[in-house]
Amino acid sequence: MKLFLDSANLDHIKEIHGWGVLAGVTTNPSLIAKEGGDFLQTIHDICELVQGPVSAEVVAQDTAGMIREGKLLAQVHEHVVVKVPLIAAGLAATRALADEGIDVNVTLCFQPTQALLAALAGAAFISPFLGRVDDLALDGMGLIREIRDVYDNDFDLETQVLAASIRHPRHVTEAALAGADVATIPYGVFVKLLNHPQTADGNRQFLADWDTVPDKDIEAQAKAFLAAKG
Ligand code: G3P
């Protein structure tokens, strides 16, 4: 499963990109508004940094407007994926944009029938909001599993399942086990994927034990060892 960052914060994107694991980024109007910068410049800068799919969402609510906005967004950078909401106008816009070779991420998916419609319209990605499904006391991960099965039962559907609205590391593990192609993860959760107290404790103990050996400089030892070896 690939990992995307669900953020428009360039500092956060730079930090996680530095780990060497980031395959893409998703934004939405709420995340862009939160950062307060220039929308298109932000999207361009993220694309340049990540060199992978970066979702930028249309705000028009009619098909013609979505197509116009989507075509313009796609020209901002070759890595832009146009994000459209899962409404009737969005399906028609997805078909039109996909027919022109523009990748579309269909967002705000809450049931498998919506995911089927998006895939049939030519979506490159479907974004089921599993955290928001959980918020309703329903089974968000069940939604991911069902979409996976629906897509796998039709060999013509190549839409990637992009698990979104992720709230904690367990969501990431379970999305991977459920067969999601991608998880898009907020910064705070991304950091939690890495940190574990026993990793930190173990690392501290190794260093404390190493501190007791007489010659601690591995680089100098290695250079001397390799020189002597010829
Ligand atoms: O990017 C869309 C999605 O991930 C939103 O998540 O936490 O606002 O439900 P959330």
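Buried means under 20% relative accessible area, exposed over 50%, and partly exposed in between, with a 1.4 Å probe and protein chains only. This is a predicted model: local features need pLDDT of at least 70, side-chain atom pairs count only at pLDDT 80 or more, and totals for chains, interfaces and linings use all residues. Residues are numbered from 1 along each chain as its sequence is written, and side-chain values use heavy atoms, with hydrogens and water left out.

**Exercise 1. Describe the chain as a whole.**

Step 1: take the secondary structure. The chain has twelve helices and eight strands. Helices (H or I, at least four residues) and strands (E, at least two) are DSSP runs, numbered from the N terminus.

Step 2: take the extent. The C-alpha trace spans about 70 × 40 × 35 Å along its principal axes.

Step 3: take the burial. Of the 230 residues in the chain, 42% are buried.

**Exercise 2. Place glutamate 15 and find its side-chain partner.**

Step 1: locate the residue. Glutamate 15 belongs to helix 1 (residues 10-17).

Step 2: classify the residue. Glutamate 15 counts as partly exposed because its relative accessible area is 36%.

Step 3: look for a polar contact, a pair of N or O atoms within 3.5 Å; within protein, one must be able to donate a hydrogen and the other to accept it, and residues adjacent in sequence count only if both atoms are side-chain atoms. The side chains of glutamate 15 and tyrosine 187 make one of 2.8 Å.

Step 4: compare sequence and space. Glutamate 15 and tyrosine 187 lie 172 residues apart in sequence, and 9.5 Å apart from C-alpha to C-alpha.

**Exercise 3. Is threonine 184 buried or exposed, and what does its side chain contact?**

Step 1: locate the residue. Threonine 184 sits in strand 8 (residues 182-185).

Step 2: classify the residue. Its relative accessible area is 2%, so threonine 184 is buried.

Step 3: name the partner. A polar contact of 2.5 Å links the side chains of threonine 184 and threonine 26.

**Exercise 4. Map the surroundings of the ligand.**

Step 1: list the shell, meaning residues with a heavy atom within 4 Å. The shell holds Asp6, Asn28, Lys83, Phe129, Arg132, Ala164, Ser165 and Arg167.

Step 2: read the polar distances. From a ligand oxygen to a side-chain N or O atom, the distance is 3.1 Å for asparagine 28, 2.6 Å for arginine 132 and 2.9 Å for arginine 167.

Step 3: judge the cover. The ligand alone exposes 310 Å², and the protein buries 81% of that. These areas come from the Shrake-Rupley method with a 1.4 Å probe.
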